[in-house]
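Got your viewer open and a selection tool ready? Let's walk through this one stop by stop.

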Amino acid sequence: MITALLTGFAACPCMRVALRYGATAFAVLLFLLSLRRSGGRAGRLAERLETMEKANDVQRRMLEAAARRPRDHHELAERMRDGSF
């Protein structure tokens, strides 16, 4: 019964045109949905990259500050006397 129905659709020229346009519209719809999905994924990846860059910047500044710290209490006292602390 389903085969006969589909054969009837394919036999009529106007139905073939309608099926062709329907298939084209369906393909475009699927393409747009996949494009939206990949755009969302790219947005999440960009947000994750931005977060990682901020964390790396904070860590780099912390390491730079640790490299500039006084090595012992004598150097700390000397810096405080000079006013460069």
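One cut-off before we start: a residue counts as buried when its relative accessible area is under 20%, as exposed when it is over 50%, and as partly exposed in between. Keep in mind too that you are looking at a predicted model.

**Stop 1: helix α3.** Select residues 73-82, which make up helix α3. How many of its 10 residues are buried? The count is 0, so by that cut-off this helix is hardly covered.

Stay here and show the side chains of Glu 75 and Arg 79. They meet in a salt bridge, at 3.3 Å from N to O. The two residues sit 4 apart in helix α3, so about one helical turn separates them. Such spacing helps because residues three or four places apart in an α-helix, with its 3.6 residues a turn, point the same way. Glu 75 is partly exposed at 21% relative accessible area, and Arg 79 is partly exposed at 22%.

Now add Glu 78 and Arg 81, whose side chains meet in another salt bridge, again given as 3.3 Å from N to O. These two are 3 residues apart in helix α3, about one turn. Is Arg 81 buried or exposed? With 64% relative accessibility, Arg 81 counts as exposed, while Glu 78, at 40%, counts as partly exposed.

Before moving on, click on Gly 83, just after α3: its phi is positive, about 85°.

**Stop 2: helix α2.** Next, select residues 13-68 for helix α2. Pick out Glu 50 and Lys 54, which form a salt bridge with their closest N and O atoms 3.7 Å apart. They are 4 residues apart in helix α2, so here too the separation is about one helical turn. Glu 50 is partly exposed, with 45% relative accessible area; Lys 54 is exposed, with 54%.

Then show Asp 57, Arg 60, Arg 61 and Glu 64 together. Salt bridges with shared partners join these four into one network. Across the model, the salt bridge count comes to 7.

**Stop 3: a nonpolar patch.** Finally, switch on the surface and colour Phe 26, Leu 29, Leu 30 and Leu 33. What do they form on the surface? They make a nonpolar patch, with about 400 Å² of accessible area together. Zoom in on Leu 30, which belongs to helix α2. Its relative accessibility is 44%, which means Leu 30 counts as partly exposed.

Key. Residues are numbered from 1 along each chain as its sequence is written. This is a predicted model: local features need pLDDT of at least 70, side-chain atom pairs count only at pLDDT 80 or more; totals for chains, interfaces and linings use all residues. Side-chain values use heavy atoms; hydrogens and water are left out. Patches are made of residues with over 30% relative accessible area and no salt bridge: like charges are joined within 9 Å, nonpolar side chains (Val, Leu, Ile, Met, Phe, Trp, Tyr) within 5 Å. Accessible areas come from the Shrake-Rupley method with a 1.4 Å probe; for residues, only the protein chains shown count as cover. Buried means under 20% relative accessible area, exposed over 50%, partly exposed in between (1.4 Å probe, protein chains only).
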